[in-house]
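Student: I should like to learn how to read a structural model step by step. Where should one begin?

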Amino acid sequence: MMDDLKALYQEVIIDHSRSPRNFGSLESANCSAAGVNPLCGDELTLHCILDADEIIQDIRFVGRGCAISLASASIMTEMLRGKTKTEAEKLFDQFHARVTGTADGPLVDIGKLEVLSGVREFPTRVKCATLAWHTALAAINKTDEQVTTE
Ligand code: ZN
């Protein structure tokens, strides 16, 4: 059973890394940020449209990297569209706790992000899985610094 679940997660990751959703630039973006994970060589740039109510109207990314980093960015963009900045930050906290194995209390439902939860067994891959998130939060908080996992 656990093996079946792992195989399914693996399949979703491969699918998203081979055909990332929301991949491309966004001409009308009003916030963007770039992030790198030097340890693995992952790099991506995130563009989004944040409206006056701090709702993420659209979010896209370009970049290259390992399967985990691309799948994470792809799934993240799917999940963040339509969310408020606060909801995005809360979701990242939950996701981060899950992939680092530091979640305390009952596990919250992190939806599709669950497929990436296996990285907690591989600490160096946690950076691959969280790069897109650090970059997205930098973008929506409009910090101009480049994000790096190091
Ligand atoms: Zn990576």
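Tutor: Begin with the burial of a single residue. This is a predicted model, and D42 has a relative accessibility of 2%, so D42 counts as buried, the limit being under 20%.

Student: What coordinates the zinc ion?

Tutor: A general point comes before the case: ideal angles at a metal are 109.5 degrees for four tetrahedral donors, and 90 or 180 degrees for six octahedral ones. Here the zinc ion is coordinated by the SG atoms of C40, C66 and C128, together with D42, listed twice through OD, at 2.2 to 2.7 Å. The spacing of these donor residues in sequence is C-x1-D-x23-C-x61-C.

Student: Is C128 buried or exposed, and how is C40 classed?

Tutor: C128 is buried, at 1% relative accessibility. C40, by contrast, is partly exposed, with a relative accessible area of 36%.

Student: How many disulfides does a search of the whole structure find?

Tutor: The search finds zero disulfides.

Student: How should one read a helix such as α3?

Tutor: An α-helix has 3.6 residues a turn, so residues three or four places apart point the same way. Helix α3 covers residues 85–100, and its 16 residues reach 22 Å from first C-alpha to last, close to the 22 Å expected. Its buried residues are K85, A88, L91, F92, F95, A97, R98 and V99. Among the elements that cover them are β3 (56–64), α2 (67–80) and α4 (123–140). After α3 comes G101, with a positive phi near 70°.

Student: Which residues touch the most other members of the largest nonpolar core?

Tutor: In soluble globular proteins, nonpolar side chains tend to be buried together. In this model the largest nonpolar core has 43 residues, and L80 and F95 touch the most other members. Two or more residues each come from α1 (2–18), β1 (31–37), β2 (42–50), β3, α2, α3 and α4. The largest share, eleven residues, is given by α4. Leaving aside residues up to four places away in sequence, L80 touches I56, I59, A88, L91, W133 and A136.

Student: What pattern does the protein chain follow along the sequence?

Tutor: The chain has four helices and four strands, in the order α-β-β-β-α-α-α-β. Its radius of gyration is 14 Å, which agrees with the value near 15 Å for a compact globule of 150 residues. The C-alpha trace spans about 45 × 30 × 25 Å along its principal axes. Buried residues make up 43% of the 150. Of the contacts with a separation of 6 or more, 60% join residues 24 or more positions apart.

Key. Residues numbered from 1 in each chain as written. Predicted model: local features only at pLDDT ≥ 70, side-chain atom pairs only at ≥ 80, totals over all residues. Heavy atoms only, no water. Disulfide = S-S within 2.5 Å. Buried < 20%, exposed > 50% of the residue type's maximum accessible area, 1.4 Å probe, protein only. Donors = N, O, S within 2.8 Å, 3.2 Å for Na, K, Ca; no water. Expected span 1.5 Å × (residues − 1). Contact = heavy atoms within 4.5 Å. Core = buried A, V, L, I, M, F, W, Y, C linked by side-chain atoms within 4.5 Å. Rg over C-alpha atoms; globule rule 2.2 N^0.38 Å.
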